[in-house]
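The following exercises are to be worked with the sequence and the model side by side. Each task is followed by a solution in steps.

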Amino acid sequence: MSWIEAIVLGIVQGLTEFLPVSSSGHLRITSAIFFDQDAGASFTAVTQLGTEAAVLLYFAKDIWRITRVWVVGIWDSSVRSSLDYRMGWYVIIGSIPIGLFGFLFKDQIRTAARNLWLVATTLIVFAFVLAFAEYWGRQTRRIENFTLRDGVVMGFAQAMALIPGVSRSGGTLTAGLFLNLTREAAARYSFLLAIPAVVMSGIFSLPDVFDSSGGGSIPTPAQMIVATVIAFGLGYASIAWLLRYVAHHSLYVFVLYRVALGSLVLALLGTGTIAAT
């Protein structure tokens, strides 16, 4: 991997991780168009450690409060009715689907799921699903109304993002809107829900990212660190921007963007400008 590739992909990861446009899909597309190769699923997983570090920092007070109340609640039944205690369980239970499917389909996620025909198609298809959710969702339920059912449904929606192009944040936001949650409530849970899955995925992928037997571009440790730090900085800024944006605007702009990008990739594939694998 060249330094310019590492820097560009770190920027792309930081800018797109929290937007409903699929950061993994963007890394796959950027690698194909500008560098004529696939940086790989492991590189994506490790750079996501940078963006998740941004989540940990941005929501540090919330995370500490939820964790403390959850631990206390294991022994003290008087706090079990609180939202923080329940939210701790919601995040744990909601993380199970992506962990299970990620383990069962690890090989397919690293190979067949990264085919650009599939990535472009999922960008477009799930753009329309997001549009339907934005249109039909009543957005009457706030974070205080969050239930176990919401956590499970959004957990399965997050698991679909194992396919590049679906979008983890896009999937969870879409599910939240169909559950009549406000965009802000769905986004906040989405940020918290991502922490266990993304951190564990990044840690387990560390050895693979430097393994040359898998083909593709292999970064040096220094390049991996720089890309991850860049993703952290831009990711932190993206969190604050997205929370403000979803509180006052619809998600249709992301729908249009996804359709346009997916259509562009399909056109490039159809003309043989880029290869699907």
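**Exercise 1: The surroundings of Val8**

Beyond the neighbours within four places in sequence, Val8 is in contact with Thr30 and Phe35. The model in which these contacts occur is a predicted one.

Task. Assign Val8 to its secondary-structure element and decide whether Val8 is buried, partly exposed or exposed.

Solution.
1. Val8 belongs to helix H1, which covers residues 3-16.
2. The relative accessibility of Val8 is 24%. Buried requires under 20% and exposed requires over 50%, so Val8 counts as partly exposed.
3. For a long-range distance, take Arg80, which is 72 residues from Val8 along the chain; the two C-alpha atoms are separated by 46 Å.

**Exercise 2: The nonpolar cores**

Task. Determine which residues of the largest nonpolar core touch the most other members, and which helix supplies the largest share of this core.

Solution.
1. The largest nonpolar core holds 38 residues, and those touching the most other members are Met87, Met154, Tyr189, Phe191 and Ile239.
2. Helix H11 (residues 183-209) supplies the largest share of this core, with seven residues.
3. Another core, of twelve residues, lies apart from it; Leu116, Ala120, Leu268 and Ile274 are among its members.
4. Phe191 can then be followed outward: leaving aside neighbours within four places in sequence, its contacts are Phe18, Glu52, Val55, Phe59, Ile239, Leu242 and Leu243.

**Exercise 3: Ser238 and Phe132**

Task. Classify Ser238 and Phe132 as buried, partly exposed or exposed, and place each in its helix.

Solution.
1. Ser238 is part of helix H12 (residues 221-248). Its relative accessible area is 8%, so Ser238 is buried.
2. Not counting residues up to four places away in sequence, Ser238 touches Gly14, Leu15 and Phe18.
3. Phe132 lies in helix H8. Its relative accessibility of 49% means that Phe132 counts as partly exposed.
4. Phe132 joins Phe128, Tyr135, Trp136, Phe178 and Tyr252 in a nonpolar surface patch of about 730 Å². Helix H8 (residues 116-136) gives the most to the patch, with four residues.

**Exercise 4: Annotated spans**

Task. Find where UniProt places the feature "transmembrane region", and describe the spans 191-210 and 255-276 in the model.

Solution.
1. The unreviewed UniProt entry places this feature at residues 87-105, 117-136, 191-210, 222-243 and 255-276.
2. Residues 191-210 are 95% helix and 0% strand, with end C-alpha atoms 28 Å apart.
3. Residues 255-276 are 73% helix and 0% strand, with end C-alpha atoms 23 Å apart.

Definitions and conventions
Residues are numbered from 1 along each chain as its sequence is written. This is a predicted model: local features need pLDDT of at least 70, side-chain atom pairs count only at pLDDT 80 or more; totals for chains, interfaces and linings use all residues. Side-chain values use heavy atoms; hydrogens and water are left out. Helices (H or I, at least four residues) and strands (E, at least two) are DSSP runs, numbered from the N terminus. Buried means under 20% relative accessible area, exposed over 50%, partly exposed in between (1.4 Å probe, protein chains only). Contact means heavy atoms within 4.5 Å. UniProt positions are given in the numbering used here, feature names are shortened, and annotations may be inferred rather than shown by experiment. A nonpolar core is a set of buried Ala, Val, Leu, Ile, Met, Phe, Trp, Tyr and Cys residues joined through side-chain atoms within 4.5 Å. Patches are made of residues with over 30% relative accessible area and no salt bridge: like charges are joined within 9 Å, nonpolar side chains (Val, Leu, Ile, Met, Phe, Trp, Tyr) within 5 Å. Accessible areas come from the Shrake-Rupley method with a 1.4 Å probe; for residues, only the protein chains shown count as cover. A salt bridge is a side-chain nitrogen of Lys or Arg within 4 Å of a carboxyl oxygen of Asp or Glu.
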